[in-house]
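Work through the following exercises with the sequence and the model side by side. Try each task on your own before reading its solution.

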Amino acid sequence: MYVFDFSTGDGTNKDLLGGKGAGLATMTAIGLPVPPGFTLSTEACRRYLAEGEVPAVLWDEVRAARERLEAATGRRLGATGGPPLLLSVRSGAKFSMPGMMDTVLNLGINDEVVGPLADWAGDEHFAWDAYRRFVQTYAKVVLRVDDREFERILSDLRSARGVDDDASLTADDLEQATRRFQQVVAAADKEIPDDPDEQLRAAITAVFSSWTNRRARDYRRLNRIDDDLGTACNVQMMVFGDLGDDSGTGVCFTRDPATGEAVSYGDYLPNAQGEDVVAGIRNTLRLEDLAERHPEHHAHLVEVMGTLERHYSDMCDIEFTIERETLWILQTRVGKRTAQAAVRIAVEMANEWMIDRATALLRVEPNSLDAMLHPRIAEGIDIEPLTVGLDASPGAASGVAVFSADRAVEVKESGSDVVLVRWETNPDDIHGLAAAEGVLTSHGGKTSHAAVVARGMGKAAVTGAADIEVDEAAGRFSVGDVTVSAGDIITIDGGTGRVFLGELPLVDPEPSPELEILLGWADEVRRLGVRANADDGPSAEVARNWGAEGIGLARTEHMFMGDRLPVVRSIILSHEAEQALDELVKLQTDDFTELLTAMDGLPVIVRLLDPPLHEFLPDRIDLLLRRRDMAAGSDTTELDRMIDAVTRLDETNPMMGLRGVRLGVIHPELYQAQVRAAMEAVRRCIDAGGDPKLELMIPLVSHKDELTHVVELVQEIIDASGVRIPIPVGTMIEIPRAALQAAEIAAHADFFSFGTNDLTQMAYGISRDDAERAFLDQYVADGILPSNPFAHVDQTGVGRLVELATREGKASRPNLEIGVCGEHGGDPESIAFFHRMGLDYVSCSPPRVPIARLAAAHAALGESSDRSSI
């Protein structure tokens, strides 16, 4: 069976009836005034898409349902005597996809029916307006006729009559428009059938086909909705809000969808059809205006709103039409809302005993909290972006464009906000990133240096904006014919990847008291711990304020940037290395003290130096050019030493070269200096009455003997320090071989921390910095990959390595603590996977700590948020 009357359908079965059909069945069952109709199931759509045609039995069921509808309404489709029955034909998938699929209205009208319709309404203007709307939508949706010519015809008529909207045209005008529309259809070698049953069959087929249109496919890809679900199709008796000033149409919400306040909210438009409200071609009235015009209808509507909110225990979005003396409810669904409203509604409904706390937690999508934690562009801004890149770090930022890190600092110190624009950032830019409100790059992906550092700092970032050509030397970038020079103001939106010319109004984040309540409830149910990736005291304090339970990753290489580079370079060049190492110990002691103090009583995992040494040296080509341009007779000793060092350290594939644990083996003095600094920091904190909980992590291990070699070196420093508190020493699992050898490695490690960025990179054999721009986006768009594996952990590939290493590591060392500190530690989908794998904690950038807390609660509750509409 494919067809279900609203009066017999199962309102709980969204899989079969779609969200809209299930809602119509439910509202009919609880006695609300719903125009009668029937739903063609998603199963019918799936069969049509699979076989390329609608099964004959479906048309038999549709004919029977149409006859039942005629009997129930006392109207007949195509009737020329008595009130004719007109129909709407609408899509309705399980998950709400607003505007993505097609609708046909006023179906059943033709040259023979328009007269009786005018007689029934007592209004020829209404009848011809209904006919022209049908011709326009049927031609566009079913016949695929370009509707721009229809809009031009209406525009010409409005201009000729000196009116602003179609409602002000005369009946003769609308008849003329309808006939001209029919001529446009004929000119396209198409024909609108007069037979209403033929119209209905074609409209149903068009709705099913719209499941595969481009915008619907794109929407499903962006919202990760399964392509195989299909859409239901709802056929419903038309009711009319455009029969005069005693009629109208509107949309309302049972609570304010922007703030969550428990007040009714909505728009009403007299003498209009529903599409007029959505189109925005006429100014709508408030619900308070409806109360003044039609108090009885307003009172009835408020009653309906209360009924639906109580039934669904959620804020409802309701479409209604007033047809003279009757209020009709056309549709309801769980209303879309801002993140702030979602949090407030969830908490207040739980406090009102409408829902329990578990349901309240599941009502709020973890990722939606981003909008509450970062500045955003104000609503209602309708400006075409200059270009669109990757949404690398959420939030919006405006400022003058600068093209070097030093200039960013200078301009910021002068009192102006800046946006740092680069081809791609590198570790030398850290001071500029700290000074900037945001960063824009033409190169790099969501896990590039700019993206990772910006997320850690809570800065907006748009990366991989491939359309822009950056000329850093000249201080400008161009997009097509537009050139943006240093000093020009730009605005970036790191949540969408959009870049705008000029300063757009921004709205500051407004974390609410309800958010703290909700996160407190999340902490009560989650099992996973939540830590933060933080490299300095201020970042650690921000993380702790957001509820981080420690630091899962402190990247010591980020402490070597800026004015410390000369010290690091002296060590690399073996130029007064012993003195430089002592200076490094002093500097890092301060760094580690700051971190341990900010996280007093909570674990702080310090990763020993990881990146290749060449990252701390200038570019070789730049050095050679400087050497070439030096005046004859100049002292080039220091420059030559630098060139020799850069040449000596140059590697073909540095990310897989001398880095991580290999540095500890080849240059043990670096790790020894870092450990001495860390132990001195612990001593300071103890002397100050603190409770430091330092842990040391050795990166990039692939073989147990690497680990044991460096652990011995580290342990010697710890033992010699005289500090008498436990200092766990563990390792990052970021190389596939380490995951495969987890049992052996665990025997020599106090903890594991999965570095899922590098683990993904090495498992796939791709560069995370280049892949997104080069091919990953295309792979996802083409369905080759279900999602970007650097955004959501690859559960069947990388995930198996995580599962294996966790199982074998714990078997080898039952008290082994295991966490994750890659970018996936802040991704809700990945967090759910890590929960299932039995990890102990996740670690993410400080701004994502609240998101991770809520996502961990979702994981513990055993399900993800319900994205479906009613």
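**Exercise 1: Cavities**

In this predicted model, the structure holds two cavities of 30 Å³ or more. Find the volume of the largest cavity, and then describe which residues and elements line the largest cavity.

*Solution.* Begin with the size: the volume of the largest cavity comes to about 40 Å³. Next, collect the residues of the lining, which are Lys-20, Leu-24, Arg-90, Asn-234, Gln-236, Glu-319, Leu-330 and Gln-331. When these are placed on the secondary structure, helix 1 (14–29), strand 7 (231–237) and strand 12 (326–334) are the elements that give two or more residues to the lining. Finally, sort the lining by class, and you will find two nonpolar, three polar and three charged residues.

**Exercise 2: The two sides of a helix**

Compare the expected span of helix 6 (residues 148–161) with the distance between its end C-alpha atoms, and then work out how the buried residues of helix 6 are arranged around its axis.

*Solution.* For the first step, take 1.5 Å a residue, which gives an expected span of 20 Å for the 14 residues of helix 6, and this agrees with its end C-alpha atoms, which are 20 Å apart. For the second step, list the buried residues of helix 6, namely Phe-150, Ile-153, Leu-154, Leu-157 and Arg-158. Seen down the helix axis, the buried residues of helix 6 fall within an arc of 130 degrees, and therefore they line one face of the helix. The spacing in the list fits a general rule: an α-helix has 3.6 residues a turn, so residues three or four places apart point the same way. For the third step, turn to the face away from the buried side of helix 6, where the exposed residues Arg-148, Ser-159 and Ala-160 are found. As a last step, look for what covers the buried residues of helix 6, which includes helix 5 (124–141) and helix 7 (171–187). Just after helix 6, Gly-162 takes a positive phi of about 70 degrees.

**Exercise 3: One histidine**

Decide whether His-835 is buried or exposed, and name the residues that His-835 touches.

*Solution.* First locate His-835, which has its place in helix 33 (residues 828–836). The relative accessible area of His-835 is 17%, and because buried means under 20%, His-835 counts as buried. Then, leaving aside residues up to four places away in sequence, look for contacts: His-835 touches Arg-527, Leu-528, Ala-859 and Ala-860.

Conventions. Residues numbered from 1 in each chain as written. Predicted model: local features only at pLDDT ≥ 70, side-chain atom pairs only at ≥ 80, totals over all residues. Heavy atoms only, no water. Helix = DSSP H or I, 4+ residues; strand = E, 2+ residues; numbered from the N terminus. Buried < 20%, exposed > 50% of the residue type's maximum accessible area, 1.4 Å probe, protein only. Contact = heavy atoms within 4.5 Å. Expected span 1.5 Å × (residues − 1). Arc of directions from axis to C-beta. 1 Å grid on protein atoms, 1.4 Å probe; cavity = no way out; pocket = protein on both sides within 12 Å on 5 of 7 lines; lining within 4 Å. Points joined across faces, edges and corners; volume = space filled by probe spheres on them. Nonpolar A, V, L, I, M, F, W, Y, C, P; charged D, E, K, R; others polar.
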